[in-house]
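Hi,

Here is the structure I promised you. Have it open while you read, and I'll go through what turned up.

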Amino acid sequence: MSDELDSYRAKHYNSDDPIVRLLEEKIESLTKELEKLRQDLNWYKGELEKLLAPPYIEAIVLDILPDGKVVVRSSSGPNLIVNVSSNIDIKKLKPGTSVALTQRGSTIVEILPEREDVYVKSFEVVEKPNVHYSDIGGLSEQIRELVEVVELPLKNPELFREIGIEPPKGVLLYGPPGTGKTMLAKAVAAESNATFIQVVASEFAQKFVGEGARIVREVFELARRKAPSIVFIDEIDAIGAKRVDMGTSGEREVQRTLMQLLAEIDGFKPLDNVKIIAATNRIDILDPALLRPGRFDRLIEVPLPNYEGRKEIFRIYLQKMKVDGSIKYDVLASLTNGFSGAEIKNACTEAGYIAIREGRRYITMDDLVKAIEKIRAKNNKSKSTERSEKYV
Ligand SMILES: Nc1ncnc2c1ncn2[C@@H]1O[C@H](COP(=O)(O)OP(=O)(O)OP(=O)(O)O)[C@@H](O)[C@H]1O
């Protein structure tokens, strides 16, 4: 057939003939259209394949066996012993590697990019916090204690083994809001060259049954992987308060999470290279089980700064700002009785704004006095609102 066509074309072909040119243009555009349709068809086939393909199961490698099989913890729950697909380099598999299993869960078909559990992502992991003891005012006694029970054991566990004393596994920092508890935890992590893992206990209280306990497990597995590390649990009263009744499922979930936390703490030895620091504004409502020996058995109070502490905190912030020669630190300390460190910092920032509003590039004593009055007025207002709400 194609020979006859070729010989017909050879005899009659006339490129000047307008019909021939028209036909050739038509053929060219149809050929392009056909090519485009072929590409679209392949794309749709690929999409259809993805849509119809059963989902992979995510898993974490726990161990590699001598026979080349791998033990994984699948996200669907059980531990499995699985094969490794030939396109996977088994040397790239190590405990903690995230992998994808076939739908039947029998074979590792893909190595997933390194990531922490999505829940753990909701926690802050700071390899090296940028807070130092010198940034903290009025808490020298608390710093000394943290150096003794956290920094030294992390940096020099042998010293404690040799002498034969066990430092506490958990330290509880307690005191009013804004007094420097989080700063202290970050500073001791920075000075100990430890990874700082900050969680807010209310993050543990998840809405799905068992999720809180799972998050606790993930956080402590992360802490072991990144050791030496410090797990800092802020607002621990969110899960560690005395339980009055186990009526609601939410209360039971919180209790399960607390039990998991206690199990994790009990699972550590005092000289392991993971330390746990918790913070609370409400030590009075904590479950005594948390404070039992071997858990948070070192309590460090972090109170509002006294006169000298307030002077120190003002110096820390004002030395980083442009001020004129009128600053009197003793007067500032006298005007801020009852202020927390956070409120003193806010007063310095507010004084900066007052100077800017008045068109100046430096802060005066008058700016600071006005700022202190503004913050005290705001505090009094919020306290009176609190009181009135209490009696509503
Ligand atoms: N003693 C202090 N020295 C210097 N700055 C302080 C001090 N206390 C608080 N601050 C300032 O207040 C801010 C809040 O402090 P921090 O978060 O450590 O308080 P906290 O006690 O953990 O508060 P909360 O109990 O509300 O979590 C800090 O970022 C810091 O700037």
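Let's start at the ligand: one of its nitrogen atoms has a backbone N or O atom of Gly137 2.9 Å away. Keep in mind that this is a predicted model, so every distance in this email is computed from that prediction. Two other polar contacts go to oxygen atoms of the ligand. One involves a polar backbone atom of Thr179, at 3.1 Å, and another an N or O atom in the side chain of Thr182, at 2.6 Å. The protein covers 80% of the 630 Å² of accessible area that the ligand has on its own.

Who else is around the ligand? The shell has 18 residues, and the closest are Gly137, Gly178, Lys181, Thr182 and Tyr317. Sorted by class, you get 7 nonpolar, 7 polar and 4 charged residues. Three helices each supply at least two residues of that shell: H6 (181-191), H11 (307-318) and H13.

H13 is worth a closer look. It runs over residues 341-357, and here is a sum you can try yourself: at 1.5 Å a residue, its 17 residues should span 24 Å, and the end C-alpha atoms are 25 Å apart, which agrees. Which residues of H13 are buried? They are Gly341, Glu343, Ile344, Ala347, Cys348, Glu350, Ala351, Gly352, Ile354 and Ala355. When you look at that list, remember that an α-helix has 3.6 residues a turn, so residues three or four places apart point the same way. After H13 comes Gly359, with a positive phi near 75°.

Next, some backbone oddities. Most residues other than glycine have a negative phi, and most peptide bonds are trans. Asn193 goes against the first habit: it is not a glycine, yet its phi is positive, near 55°. You'll find Asn193 in the loop between H6 and strand E8 (195-200). Is Asn193 buried or exposed? Its relative accessibility is 52%, so Asn193 counts as exposed.

Glu235 also has a positive phi, about 50°, without being a glycine. Its loop is the one between E9 and helix H9 (237-240). At 37% relative accessibility, Glu235 counts as partly exposed.

For the peptide bond habit, look at Ala227 and Pro228: the bond joining them is cis, with omega about 0°. Pro228 is in the loop between helix H8 (211-225) and strand E9 (229-234).

Now a pair of examples on sequence versus space. Ile300, in strand E11 (residues 296-301), is 128 residues from Leu172 along the chain, but their C-alpha atoms are separated by 6.1 Å. Ile300 is buried, because its relative accessible area is 1% and buried means under 20%. Then take Ile64, in strand E1 (residues 57-64). Ile64 and Pro288 are 224 residues apart in sequence, and 42 Å apart in space from C-alpha to C-alpha. Ile64 counts as partly exposed, at 29% relative accessibility.

One last thing, from a database record. An unreviewed UniProt entry annotates residues 20-47 as "coiled-coil region". In the model, residues 20-47 are 100% helix and 0% strand, and the end C-alpha atoms of that stretch are 41 Å apart.

Have fun with it!

Methods
Residues numbered from 1 in each chain as written. Predicted model: local features only at pLDDT ≥ 70, side-chain atom pairs only at ≥ 80, totals over all residues. Heavy atoms only, no water. Helix = DSSP H or I, 4+ residues; strand = E, 2+ residues; numbered from the N terminus. Expected span 1.5 Å × (residues − 1). Buried < 20%, exposed > 50% of the residue type's maximum accessible area, 1.4 Å probe, protein only. UniProt positions renumbered as here; feature names shortened; annotations may be inferred. Near = heavy atom within 4 Å. Polar contact = N/O pair within 3.5 Å; in protein donor to acceptor, adjacent residues only side chain to side chain. Areas by Shrake-Rupley, 256 points an atom, 1.4 Å probe, with all protein chains shown as cover. Nonpolar A, V, L, I, M, F, W, Y, C, P; charged D, E, K, R; others polar.
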